[in-house]
Amino acid sequence: MLVVLFDPDTLLHQTVELLGSKLIPALESPKRLEAILKSLRISEHDVCTIRASSGDRGEGKARLFRVISESHHNGYLEHLRDVHDEWVSAGLIEQDGHVMPECFWLPTSTGKPMRPPRDPFARAGYYAFDMSSGIMSESYQAIIASANLAYEGTDMLSGFSVNASGSDVDTVLALCRPPGHHCDGRRAGGYCYINNAALAASTWRASHSDAQIGILDIDFHHGNGTQEIFYADPKVLYVSIHGEDEFPYYTGAEDECGIGAGEGANINFPLKVGSSVEEYMEKLEQALQHLLDFKPEFLIVSLGFDTYHSDPLGHFQIHTEDYATIAETIRRKLKDVPALILLEGGYVIEHLGANVLSFLKGWKS
Ligand code: SP5
Ligand code: ZN
């Protein structure tokens with residue numbers, strides 16, 4: 001059985017970004033989820049609504065934060081929670097303003113370790129790597145709601161959760177926003193603040209120690225954050241298909257294979273801008289074979305719809321019906337593995353709903 005998870009608090013985050021050289025409303029907007037929800041409702045798909053902000057304020061929440069802390073620095077998490085208020089108190093912005101970084105941390109020859117500046121203005125660039133990760137008054141609430149969907153979804157799949165409707169749940173689609181795969185645990189970027197895939201892997205491990213976990217990243221962009229977090233980890237296989245030399249520009253090459261014990265457990269498939277669905281499917285088959293050989297007991301899919309042909313941030317020739325083929329191919333290859341599907345990017349709002357429905361149709365066929 002497939003469950004779709006949603007938290008209304010994820011709609012609260014709505015910020016700005018510097019795209020090219022223009023400051024605009026971020027393309028990663030609440031309208032994306034609203035469009036997906038509308039299509040799911042019309043098609044009479046059940047959507048299970050859960051809230052991170054209500055109900056369990058005790059042990060459950062503490063456990064969520066404990067698991068987030070495994071892959072995210074405490075100073076970074078405190079920054080996400082506090083920096084907007086700090087900017088308002090310092091008179092840098094009004095309550096409805098946005099925290100944006102000015103200057104980023106650079107590696108130097110001084111030998112000095114990275115240390116967060118106390119000044120909240122300077123700190124914004126210490127905990128970010130680009131200018132598409134603004135922070136507004138309700139960002140943190142949405143970020144935690146998004147992360148909680150990954151966390152609860154994983155629990156459902158491991159038969160752990162009080163929310164589980166039964167042990168026959170083998171797939172969860174978590175309608176996460178903001179997305180996660182660009183966050184490396186100490187920097188926001190590419191619209192991402194908490195790495196939901198890393199959080200899901202940690203959650204699974206809490207009840208299945210030593211588990212082999214597979215991550216398939218099919219957002220148009222390379223998941224630099226997920227790669228970074230698991231780069232030395234032999235138990236997590238990260239496989240990504242993404243636009244070659246596209247954002248985030250400095251990662252995603254074929255020769256990035258993991259390090260130390262993790263060598264071989266990171267596989268990148270950069271694909272030329274403008275690639276056809278046939279070229280895409282060829283890479284997908286290869287990616288899936290690697291995952292199958294790894295024998296994961298839990299599969300995380302970082303699913304982006306910015307591979308869509310007319311996406312403003314992606315450049316592959318993929319159409320709505322192709323998402324059914326992609327999903328069916330994944331499912332056929334890894335059929336008995338419980339799967340958590342996490343929403344990452346995808347910015348053509350008018351077609352997002354249809355693309356999600358197409359993917360779900362293929363997955364269930
Ligand atoms: C989750 C996700 O899909 N994040 C992607 C964020 C991409 N943001 C930067 C895109 C830059 C596109 N190139 C602009 C060139 C302007 N001349
Ligand atoms: Zn993307």
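Me: OK, two strands pair if DSSP finds at least two bridges between them. So which residue of β10 does T171 stand opposite?
Reply: T171 faces A339 in β10. Helices here are DSSP runs of H or I with at least four residues, strands are runs of E with at least two, and both are numbered from the N terminus.

Me: Anything I should know about the model and the numbering?
Reply: This is a predicted model, where local features need pLDDT of at least 70 and side-chain atom pairs count only at pLDDT 80 or more, while totals for chains, interfaces and linings use all residues. Residues are numbered from 1 along each chain as its sequence is written, and chains are lettered from A and ligands numbered from 1 in the order in which they are written.

Me: Back to β5. Which strands does β5 pair with?
Reply: β5 pairs with β1 (residues 2–6) in the parallel sense over four bridges, and L5 has A174 as its bridge partner in β5. Four bridges also join β5 to β10, again running parallel.

Me: Are the faces of β5 covered or open?
Reply: Both are covered: T171 and L173 are buried on one side, V172 and A174 on the other. Buried means 20 or more other C-beta atoms within 10 Å of the residue's own, exposed means 12 or fewer, and partly exposed is in between, with C-beta atoms placed from the backbone.

Me: What's the strand order in the whole sheet?
Reply: Eight strands make an open, parallel sheet in the order β4-β1-β5-β10-β9-β6-β7-β8. β4 (47–49) and β8 (266–271) are at the edges with a single partner strand each, so one side of each has no neighbour in the sheet. The twist averages 20° from one strand to the next.

Me: How many bridges hold β6 and β9 together?
Reply: Five, between β6 (residues 213–217) and β9 (residues 298–303), in the parallel sense. L216 has V301 as its bridge partner in β9.

Me: And which strands does α6 touch?
Reply: α6 packs on the sheet and touches β6, β7 (236–243), β9 and β10 (339–343), with its direction at about 170° to that of β9. Angles run from 0 to 180 degrees between N-to-C directions, and axes are lines fitted to C-alpha atoms, for helices over the stretch in contact. A contact needs two C-beta atoms, placed from the backbone, within 7 Å.

Me: Why call α6 largely enclosed?
Reply: Because nine of its 12 residues are buried, including N196, L199 and W204.

Me: Switching helices: what does α8 lie across?
Reply: α8 (residues 277–294) lies across β6, β7 and β8, at about 175° to β7. In α8, Y280, L284, A287 and L291 are buried. They cover an arc of only 70° around the axis, which puts them on the same side of α8; the arc is that of the directions from the helix axis to the C-beta atoms.

Me: What do those buried residues pack against?
Reply: The buried residues of α8 pack against β6, β7, β8 and α9 (320–333). The face turned away from the buried side carries the exposed residues E278, E285, Q289 and D293.

Me: Anything just after α8?
Reply: K295, which takes a positive phi of about 55°.

Me: Last one: how many helices and strands in total?
Reply: The protein has 10 helices and 10 strands, and 50% of its 365 residues count as buried. Its C-alpha trace spans about 55 × 45 × 40 Å along the principal axes.
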